[in-house]
Amino acid sequence: MNITAAEYAERRRKVLEILGDHVLILFSNFEHQKNSDVNFKFRQDSSFYYLTGFNEPDSILVLDPQGDDKFLMFVPPKDSHMEMWEGFRYGPKGVVETFGADKAWDNSELGKALMNRLKYRSVQVIEKSHHPLQEELQEIIFKSGAQREKQYAYREIHRMRKVKSAAEIELIRKACRISSAAHNLLIENVKDFTNEADLENEFVYFCAKQGSQDQAYYPIMASGENATCLHYQVNNQAIDKQGNILVDAGCSVDYYASDITRTFPASGSFTEEQRLIYKAVLKTQKLCLEAVRPGISFLEIDQIARKSITEGLINIGLIIVPLEEAMRKELCKEFYPHNIGHHLGLDVHDCDGLDYEEQRGRNVKYKLEEGMVITIEPGIYIQNDNLTVHAKWRGIGVRIEDDILITEDGHENLTFAAYKELDDIER
């Protein structure tokens with residue numbers, strides 16, 4: 001299911017209602033140089049894409065609630081020479097015909113089109129540093145006498161993005177289905193891999209063959225003690241055949257992300273210590289999932305996770321004080337330093353235009369709602385230099401992460417197909 005022009009239009013209508021009499025100006029992303037005259041692969045700004053579906057750089061979206069022309073775009077011009085080198089461009093006419101803009105101009109006509117429109121108006125500008133049109137727009141705003149206002153519309157766009165439409169959910173579902181199968185492929189063939197790079201290459205290749213255009217984030221393929229580094233990205237070390245492999249990876253489909261973590265033994269069988277840590281994390285995740293429903297907050301789920309992780313560490317013997325004291329002193333933070341999850345959507349850590357407290361739900365007032373997609377990802381990580389524990393525990397890292405759709409009366413696990421039960425993994 002693709003997102004329709006009508007859905008993009010409805011999103012813009014909601015933003016126009018929020019604006020009152022303000023003008024909203026939102027920058028696209030732009031191309032970033034990788035080296036010499038080579039750029040990184042272009043990726044559109046998520047909120048710009050959310051409101052337009054337009055995927056070209058060096059553009060500007062203007063939403064103006066006053067007048068008949070409310071949806072305006074400034075885009076790269078049609079240029080047969082540049083298109084020969086860099087590919088097709090819609091140009092202003094194509095943006096009107098295909099994306100429903102009321103009016104559109106070449107991005108070289110910014111001043112001509114905006115100077116009078118912005119005269120003494122209140123504007124909210126969501127810009128990007130070093131954007132090729134940034135300085136010109138700043139000069140236009142200054143000369144027009146426009147007044148910059150606080151960017152409250154940007155925050156509201158991200159609040160809109162928290163609850164997904166049926167079309168968005170289907171794109172996330174497809175990404176989750178592909179990524180789950182890719183994780184299973186690595187688990188099933190673990191003994192064939194000798195380097196972390198083998199894992200990454202196999203995962204990315206499989207996802208691409210299944211129709212994914214990109215990875216939602218840089219994959220984490222961590223072997224042995226590398227699994228205790230939360231955002232490990234080197235992915236070029238020989239696989240420790242006695243250790244765990246932690247794979248945190250997910251593809252995207254039409255920009256919509258998946259985000260899965262699985263941990264499995266390189267040898268095919270967990271050691272006793274690895275097994276005990278894994279069981280504690282899996283038990284914690286299951287307890288958290290039992291609680292996921294509309295009306296609960298991330299913070300409440302995280303409290304469930306912290307208590308369960310703490311109990312597990314006490315049972316194993318890695319925390320040696322009573323539960324109440326361990327909870328009061330937050331001793332589990334040494335082993336479980338992150339939150340239980342985050343929103344998932346156009347970005348893998350979705351809705352980052354919100355304050356951190358709201359984005360990650362660090363307050364009970366931010367409740368989960370039907371249509372949200374989140375991750376649930378407890379973990380235990382025991383660093384190699386942790387001399388407070390016996391050497392047999394050091395270098396073990398375990399995280400288990402699933403992508404969860406909040407439904408009317410509970411939740412749906414979109415990544416259920418990726419192996420995580422001990423017996424399934426070892427089989």
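Two strands count as paired here if DSSP finds at least two bridges between them. Keep that in mind for the sheet below, and remember that this is a predicted model. Strand E5 (residues 71-75) clears that bar, since the bridges it makes with E6 number four, in the parallel sense. Overall, the protein has 14 helices and 19 strands.

**The six-strand sheet**
- Reading across this open sheet, the order is E6-E5-E4-E1-E7-E8, and the pairing is mixed.
- Strand E6 (103-106) and strand E8 (147-148) sit at the edges, so each of them pairs on one side only.
- In general, strands of a sheet pair through backbone hydrogen bonds, either parallel or antiparallel.
- If you want a spot to look at in the structure, try valine 75, which stands opposite aspartate 106 in E6.

**Overall shape**
- The radius of gyration is 24 Å, which agrees with the value near 22 Å that a compact globule of 427 residues would have.
- Along the principal axes, the C-alpha atoms fill a box of roughly 70 × 45 × 40 Å.

**Packing and surface**
- Of the 427 residues, 55% count as buried.
- Take the contacts with a separation of 6 or more: 70% of them come from residues 24 or more positions apart.
- About 19300 Å² of surface is accessible, and carbon and sulfur atoms hold 48% of that.

**Charge**
- Side chains split into 51 positive and 69 negative ones.
- The centres of those two sets lie 3 Å apart.

Note on methods:
Residues numbered from 1 in each chain as written. Predicted model: local features only at pLDDT ≥ 70, side-chain atom pairs only at ≥ 80, totals over all residues. Heavy atoms only, no water. Helix = DSSP H or I, 4+ residues; strand = E, 2+ residues; numbered from the N terminus. Rg over C-alpha atoms; globule rule 2.2 N^0.38 Å. Buried < 20%, exposed > 50% of the residue type's maximum accessible area, 1.4 Å probe, protein only. Contact = heavy atoms within 4.5 Å. Areas by Shrake-Rupley, 256 points an atom, 1.4 Å probe, with all protein chains shown as cover. Lys, Arg positive; Asp, Glu negative; His and termini not counted. Charge placed at Lys NZ, Arg CZ, Asp CG, Glu CD.
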